[in-house]
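Let's take a walk through a protein model together. Keep the picture open as you read, and turn it around whenever a new part comes up.

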Amino acid sequence: MGSLATIRGLHKAYVMGDETVHALDGVDLNFDRGEYIAILGPSGSGKSTLMHILGFMDTPTKGSILFEGEEVSNLSPDRRAWYRSNRVGFVFQSFNLLPRLSVLENVALPLLYREDYTEDAREEAAKIALERVGMSHRLTHRPTQLSGGERQRVAIARAIVARPAIVFADEPTGNLDVKNVDRILDLLGSLLAEGITVVLVTHDLSVAAKAKRVISMRAGKVQEDRLQ
Amino acid sequence: MKLLIRIRAAVINGLRELQANKVRSLLSMSGIILGVASLVAMVTVVQGMVGNFRQFVDAMGGIEKITVDKQSLPKEQEHLAELSEGLTMRDVEQIKATIPIVRYVSPEARVGYEKIVWEGREVNTMINGVTPDWLPVAKRWVNPSEGRFISDLDILHKTDVCVLGSSIVAELFPPNVDPLGKVIRVKGKRFIIIGLLNNIEAQGMEIRSASGKGRGSGGMWRWRNSGVYIPISTAMSKFNGNDRLSGLGLQVATGDDLNYAVEQVERTLLQTHNGLRDFTLTTNEQTLEDFRKTEVAFKLSLGGVAGISLFVGGIGIMNVMLASINERIREIGVRKAVGARGSDLFLQFLSEAAVISVLGGLIGLVVSMGIVSIMNYVLMQAVPTGVVSKFDWIIMLQGLSFSVVVGLIAGVYPAIRAASLDPIEALRHE
């Protein structure tokens, strides 16, 4: 499959009051292309911080990240924005769709910040992504007119519209009823076939059970890294 | 080009935001609306007044004119009255001969307010004896198709010719009659009409006249369009019976020479009048100076008021933008998470502020039209012959660009706030 990202000696420290919190305390990991990974851990374990740094939303205090062969641990904000719009997709627990935009516009939103997409190309790509998640019958609806499961499918379409290398799903089923949990997890799992690396970030064992590899975190360190 | 595309997208987005929050947007616009409306309305009205006054001064002969009038002697000179014969043609010759910076000398011998008659129709107007210099000093002319003015030959031969003001023509002759060559009678004497004076119309504003339209209409300019002008020599010999002048109009080459010319004329006249001060000199300078001060005062005070309301308008926009950013922190986080740069969000929020201010400015222009119309209407009721301010697209354009500048300045700080939000914090915001 080939390596997508390799991280070595990753540290992240925050100063909170007079205390320094080590959210990540020496993490070494390797992610291959097309892997289905769950990062498991209680809150405060550092799993969200790891996701933010790997998702180019944050920078580490120390350590190196080789992403697609390039050192990316110390990029400028604009360069990180480029990676977010070109190589990374996010799915959030609370969907985070913009209420004033239609389903189609929400999905096309990431392409709005890419200069290589015309208006027509954006719409075309968004339609393809919505078809992929089975939501092409709701293009002009507003997010508030959709059920939770439908909203999350739209959010997944938004995450994959720019053809990313990796999709992070942060508690993607936390706001869903039982019936929709499996459908969303299956949908995420099906992205692997397109060579996308899917990372579930969760504290829920039953969600993590869907992934092929589970990385357990505790106190900023990798406690266990196993295939299942 | 790419920036243009980004700006276009940001403006479209701004319009959508506006549409989604109609009431809030209108409220945030209200300051700009009132600011632009008051600015444009005030400048328009002041401009109308200024234009009005400029023309008034010009109609008085402009800044280069010196008027010499008769004046009764001061007390201490009363017993010397017989030493001076008053203003005469001798003064004219003397001024012409000794003061070269005086370009034109226009003596007037007023016959009086008389009845003039043509084929049973009659009009009362002022009969003036003048020379060819009257035209340039009064800043008037005779259109080539409407005959000629009084010439030096008319003066020399004391001819019985006359030139009519346009309002006299309108009142004395039916519209289909060409007055040129017709003979009118003044105090039983016959005069041939050789020319018609140009009709004075105020420019830059409309003239509302109670007396109707056509030749010779004209509100406050009406008196300037009346009158019958005959050769000064004819007036003296046929009517007045003496060579006394009722007044003198002088024109200096340039307004810069005015004070020097006033001194010179005064000295010359004192000489020819044997030291008697039976004349008075007036210029338009003082009037103009007063007017300039009024203009500056108006502009400063009204501009200040309008400036303050625009400033308040800017604060209103900033306030609403900050509130709107607070409400949309999550949206900002989402946009950043999917790849928006800080500059994208800066542009987005600056565009929203700009859209608000442009729309507010446009509405303000419409409101200003209403204000000026109402002011014109009120003015018309009070002074039916008054002048009316006209809209000037340059003023409107200035008002609009002013509002855009205010909006952009007011939008910068909120836009920077939005651009610099941390995406992780923003996404966590409830």
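How many salt bridges are there between chain B and chain A? The count is three. Keep in mind that what you're looking at is a predicted model. One of those pairings is easy to look up: Arg341(B) and Glu115(A) meet through their side chains, with 3.7 Å from N to O. Polar contacts turn up across this interface too, in seven residue pairs. On the chain B side, four helices each bring at least two residues to the surface that touches chain A: α1 (2-20), α10 (329-337), α11 (342-382) and α13 (423-428). Sort that side of chain B by class and you get 13 charged residues, eight nonpolar ones and four polar ones.

Now for the interface as a whole. The size of an interface is often given as the accessible area lost when the parts come together. For chain B and chain A, that comes to about 2,100 Å², with 55% of it on carbon and sulfur atoms. Three residues stand out here: Arg16(B), Val338(B) and Ile424(B) supply 26% of the area chain B buries against chain A, more than any other three residues. In terms of residues in contact, 25 from chain B meet 23 from chain A.

Next, zoom in on chain A. Two packed helices are described by the angle between their axes and the distance between the axes. Try it with helix α5 (residues 148-160) and helix α6 (residues 178-190) of chain A: their angle is about 10°, and their axes are 10 Å apart. Angles under 35 degrees count as roughly parallel, so that is how α5(A) and α6(A) run relative to each other. From α5(A), the contact uses Gly149(A), Gln152(A), Arg153(A) and Ile156(A), while α6(A) brings Asn180(A), Arg183(A), Ile184(A), Leu187(A) and Leu188(A). By class, the residues of this contact are four nonpolar, three polar and two charged.

Salt bridges aren't just found between the chains, by the way: a search of the whole structure gives 32 over all chains. In one of them, the side chains of Asp25(A) and Lys221(A) come together at 3.0 Å, N to O. Asp25(A) sits in strand β2 (residues 19-32) of chain A and Lys221(A) in strand β10 (residues 221-227) of chain A, so this pair ties together parts that are 196 residues apart in sequence.

Last stop: Thr6(A), in strand β1 (residues 3-16) of chain A. Its side chain makes a polar contact of 3.2 Å with the side chain of Ser3(A). Setting aside neighbours within four places in sequence, Thr6(A) touches Leu29(A), Asn30(A), Ser64(A), Ile65(A) and Leu66(A).

Technical notes: Residues are numbered from 1 along each chain as its sequence is written. Chains are lettered from A and ligands numbered from 1 in the order in which they are written. This is a predicted model: local features need pLDDT of at least 70, side-chain atom pairs count only at pLDDT 80 or more; totals for chains, interfaces and linings use all residues. Side-chain values use heavy atoms; hydrogens and water are left out. Contact means heavy atoms within 4.5 Å. Buried area is the accessible area (1.4 Å probe) that two parts lose on being put together, summed over both. A salt bridge is a side-chain nitrogen of Lys or Arg within 4 Å of a carboxyl oxygen of Asp or Glu. A polar contact is a pair of N or O atoms within 3.5 Å; within protein, one must be able to donate a hydrogen and the other to accept it, and residues adjacent in sequence count only if both atoms are side-chain atoms. Ala, Val, Leu, Ile, Met, Phe, Trp, Tyr, Cys and Pro count as nonpolar, Asp, Glu, Lys and Arg as charged, and the others, Gly among them, as polar. Axes are lines fitted to C-alpha atoms, for helices over the stretch in contact, and angles run from 0 to 180 degrees between N-to-C directions. Angles under 35 degrees count as roughly parallel, over 145 as roughly antiparallel, 65 to 115 as roughly perpendicular and the rest as oblique.
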